[in-house]
Amino acid sequence: MQKQTDKIRITPANPDSSSLAEMGERSQAGLHLAIGMFDGVHLGHRAVIQSAVNSARADEASCGVLTFDPHPSHLFRPDDPTRMLMPVAERLRLLSQLGLDHVCCHPFTRDFAAISAEDFLPFLRESCSGLKAVYVGENFRFGKGRAGDVALLSRVGRQLGVAVFSAERIKMNGDPISSTRIRAAVESGNIVEANSLLGYHYRLRGTVIGGRKLGRTIGFPTLNIAWQPECMPRFGVYYVRLRECGKSSATWQPAIANYGLRPTVAGADSQPLLESHLLQATELDQGAELEVEWLDFIRPEQRFENLDALKSAIARDKSALMQRLGLK
């Protein structure tokens, strides 16, 4: 197996399928491959991937992930595609942190979607020389018309000499963890539940942009990020923490943040904005690349009669959060 000190090769989606071949070529000792969309890289996804990692290590082989972009719904429901929890770059970044040797993002094209369920594993076996085992969730569907299931995958695997392992869905509070469930939690503002299902804090990365500096005039300066994810959190006030990206010395800084259209402000925004007011002094400013983790929902966004009313509400929100965190 490749040493953990080796750099992981992340192969982005591209117009051809050379990424699969390249992954096979770099797996001379054999390849254990986890397959899925893995949007959110949540606890259920990690169980599938960890199975591949553990088996590969025991087998002294390579371990990898095969994911796809775009989501199949963009082909089959272009007017109503699935709202992804994160951009593909963030998905690949999270996957690359899970002890893998390879992360491959294969383009989900009409030609790829047309591969029959019976031909899916032979296609992977031919593309990835050395493929020894595949790992999927128990509800994994594949092939033209999503006709394939784990039973078919196992039957074809036996014919090809490729082992097939399926992981049972992990449940939390009686229901399976799924990207769909997490999307519903995010969109309703239930960030605590979303974080529990993800196994980490819901997050974003973005660049601080210039604003109207209204926050400074009312005593609450903010760092603003224009952010329009496919799966959009409920507009409202949140407890977040943030830090500068790419600096090992950067520490998390607590903040109170509003995500929405700022309806109290004259000429309210037409696109959502994340405005974060740090609870303590900061040197961060326009142009900084920030990582923001969402920790809790405080209240819905609302329109106040005037700026004084808005100022009072922010002061109450900040005071309550500082008290909660034991800050003065």
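**A walk through the predicted chain**

Asn 173 is exposed, with a relative accessible area of 70%. In this predicted model, Asn 173 sits in the loop between β7 (171–172) and β8 (175–176). Its phi is near 55 degrees, a positive value in a residue other than glycine. Glu 60 has a phi near 55 degrees as well, again positive and again in a residue other than glycine. The loop that holds Glu 60 runs between α2 and β3. Glu 60 counts as exposed because its relative accessibility, 57%, is over the 50% cut-off.

A further backbone feature belongs to the loop between β3 (62–69) and α3 (73–76), where Pro 70 is found. The peptide bond leading from Asp 69 to Pro 70 is cis, with omega near 0 degrees.

These loops belong to a chain with 11 helices and 14 strands. The C-alpha trace spans about 70 × 40 × 40 Å along its principal axes. Of the 328 residues, 50% count as buried. The chain exposes about 15900 Å², and carbon and sulfur atoms supply 49% of that area. Among contacts between residues at least 6 apart in sequence, 74% join residues at least 24 apart. As for charge, there are 39 positive and 36 negative charges, and their mean positions are 4 Å apart.

The interior comes next. In soluble globular proteins, nonpolar side chains tend to be buried together. Here the largest nonpolar core has 52 residues, of which Ala 34, Ile 49, Leu 95, Leu 100, Leu 290, Val 292 and Trp 294 touch the most other members. Helix α2 (residues 43–59) gives this core its largest share, 5 residues. Another core, of 31 residues, lies apart from it and includes Leu 20, Phe 108, Leu 121 and Val 156.

Two members of the largest core show what surrounds such a residue. Setting aside neighbours within four places in sequence, Ile 49 is in contact with Ala 34, Phe 38, Val 65, Leu 95, Leu 98 and Leu 100. Leu 290 lies in strand β14 (residues 289–300). Leu 290 counts as buried because its relative accessible area is 0%, and buried means under 20%. Not counting residues up to four places away in sequence, Leu 290 touches residues including Leu 204, Val 208, Leu 223, Ile 225, Leu 242 and Leu 284. Charged side chains also appear among the residues that Leu 290 touches, including Arg 205, Arg 243 and Glu 244. Gln 323 is 33 residues from Leu 290 along the chain, and their C-alpha atoms are separated by 25 Å.

Leu 95, a contact of Ile 49, is part of helix α4 (residues 88–95), which is mostly covered: 6 of its 8 residues are buried. The buried residues of α4 are Glu 90, Arg 91, Leu 92, Arg 93, Leu 94 and Leu 95.

The last stop is His 277, in strand β13 (residues 273–278). With a relative accessible area of 7%, His 277 is under the 20% cut-off and therefore buried. A polar atom of the His 277 side chain lies 2.8 Å from the backbone oxygen of Pro 221. Beyond residues up to four places away in sequence, His 277 touches Gly 219, Phe 220, Pro 221, Thr 222, Ala 255, Ile 256 and Lys 318.

How values were computed
Residues numbered from 1 in each chain as written. Predicted model: local features only at pLDDT ≥ 70, side-chain atom pairs only at ≥ 80, totals over all residues. Heavy atoms only, no water. Helix = DSSP H or I, 4+ residues; strand = E, 2+ residues; numbered from the N terminus. Buried < 20%, exposed > 50% of the residue type's maximum accessible area, 1.4 Å probe, protein only. Contact = heavy atoms within 4.5 Å. Areas by Shrake-Rupley, 256 points an atom, 1.4 Å probe, with all protein chains shown as cover. Charge placed at Lys NZ, Arg CZ, Asp CG, Glu CD. Polar contact = N/O pair within 3.5 Å; in protein donor to acceptor, adjacent residues only side chain to side chain. Core = buried A, V, L, I, M, F, W, Y, C linked by side-chain atoms within 4.5 Å.
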